Amino acid sequence: MALQHTLEHVRRTARLRAVGEPLGGDGNGRMALRSSAARLYGDTSRWRRPVRAVVLITAGLAVLVMPADGQRPFQRAHPAALQASPGTVLWSNGMEDGTLDGWGGAAMNGGGEFDSGSGVSTASRDVAHSGSWSAKMTLPDGSGGTRLFRWQEPRQYRDLVYSAWFYIPQAHTLTGNPSSRFWNLFQFKSRSTADSVDPMWDLTVSNPSPGRMHLNLDWSPRTLEGPQPGQSGFRRFTHAGADVPVGRWFQLTGQLRQSNGFDGALRIWQDGQLLFDLAGIRTSYADCAFNTWCGSNEWSINNYSDALSPAPAVIYTDDASIALPDAPIPPAAGPGAAPPSPVARARRPFSGLIVQRRQRGTLVRGRVWIARTGSRFAAVLRTVNRRRIAGRPQARRVRAGIRRFGVPLTREQRLRLRRRHSLSLRLRVTVTRHGGAPASAERRVDLRP
């Protein structure tokens, strides 16, 4: 068996060199084994080269580090991009069964765990964002990688919202080679027709000053044209928003429109705050094996670095989800369009409404991000034909940030649920900012006792 693993590693390495790709796909999917073989050809080689750049500070949060090659920036300019607004949840996992099987399990059912070096992920009760369990991702010596993947949903839907909560107990310093050091938390990879799986877009951490950790967005391919036509080589984008927090849970959310050409788009939020909004970009190799748009993106959350101090380097992740967006990403704005203003950014009073389609009990639960303290929050449950009210808690003023809520059934609907053993309902959430117009969103929920 060891000889077979070694031969596979040699064959894969030769193929990657032949096609000119950087060594190091995760090898997830058909060619992956969660074993010593996965460690042999895990993506353990990453290169960085100096990039001459100019810094363009936009009106608002986003700051684009643009290579000094005369290419125009491609930050987007439409207010609709300013809030992450997921709709129907297709997949989610909170590790509440005490395992990581929800990512795909040993059978790699739509995803799975992939490790390189000494990196490893386990279910843990150390800390949790909700419930009792989370995933503990550990680099014992501060280097290597452990990654939790999903590829089933992005093969089925072109435009999706990907989200997970992270907890980093202490600040870490990147100590690898200054020209190539990296620490990757969140990424979109792509599978080629040659079956290599390579990073396309990565959310990485850097240390802008001692003790600080800050997110960057990296375009990783070295030989593939992109991220825009006529461009090539590593590209890094930065922002002027908040640092990565230490000792508290924070949320990373990405909305990706896949493209093997240059009509893709990517948005990234940290705790509901838009950091990056890119349009007219490539996100994938051309691979028609899985869908009609011939894209093959795969999503993972990671603890993956060439060297971190102190060691061991541990992070936790919880409440991961993949959802359909409320609306697809609109077309890219034309060249030279102005970036969104802070006023436009504050228009929508809420975002990120997540409600599981199938729930149990007599309470419909969900969560939403409230933009401003003092906003009025209201929720109402109706029968699926909207003729009867099935539940409605008292409207109230709420604080800014993540709000978890539950809407109890009326007595009549509790009796109906008991008799029928299922109820189909519609939940409508309305948030009104002080002095502003109300904004609403609706979700369908199927309840069982």
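This passage describes the disulfide, a buried aspartate and the nonpolar cores of a predicted model.

The disulfide makes a handy starting point. Searching the whole structure turns up one such link, and its partners are Cys288 and Cys294, with 1.9 Å between their sulfur atoms. The link of Cys288 and Cys294 is right-handed, with 100° about the S-S bond. The two cysteines can also be placed by their accessibility. Cys288 has a relative accessible area of 52%, so it counts as exposed, the cut-off being over 50%. Cys294 has a relative accessible area of 16%, so it counts as buried, the cut-off there being under 20%.

Asp318 is a residue worth a pause. Its place is in strand β19, which covers residues 313-325. Asp318 is buried but takes part in no salt bridge; Arg404, the nearest side chain of opposite charge, is 7.3 Å away. A polar atom of the Asp318 side chain does, however, lie 2.9 Å from the backbone nitrogen of His129. His129 also appears among the residues that Asp318 touches, leaving aside those up to four places away in sequence. Other contacts of Asp318 include Asn93, Gly94 and Met95, as well as Ala128, Ser130, Trp133 and Ser134. Ala164, Trp165 and Trp249 are touched by Asp318 too.

Finally, there are the nonpolar cores. The largest of them holds 46 residues, and Trp103, Trp183, Phe186, Trp201 and Trp299 have the most contacts inside it. Another core, of 24 residues, lies apart from the largest one and has Leu353, Val355, Val368 and Ala439 among its members. In soluble globular proteins, nonpolar side chains tend to be buried together.

Definitions and conventions. Residues are numbered from 1 along each chain as its sequence is written. This is a predicted model: local features need pLDDT of at least 70, side-chain atom pairs count only at pLDDT 80 or more; totals for chains, interfaces and linings use all residues. Side-chain values use heavy atoms; hydrogens and water are left out. A disulfide is a pair of cysteine sulfur atoms within 2.5 Å. Buried means under 20% relative accessible area, exposed over 50%, partly exposed in between (1.4 Å probe, protein chains only). Helices (H or I, at least four residues) and strands (E, at least two) are DSSP runs, numbered from the N terminus. Lys and Arg count as positive and Asp and Glu as negative; His and the chain ends are not counted. A salt bridge is a side-chain nitrogen of Lys or Arg within 4 Å of a carboxyl oxygen of Asp or Glu. A polar contact is a pair of N or O atoms within 3.5 Å; within protein, one must be able to donate a hydrogen and the other to accept it, and residues adjacent in sequence count only if both atoms are side-chain atoms. Contact means heavy atoms within 4.5 Å. A nonpolar core is a set of buried Ala, Val, Leu, Ile, Met, Phe, Trp, Tyr and Cys residues joined through side-chain atoms within 4.5 Å.
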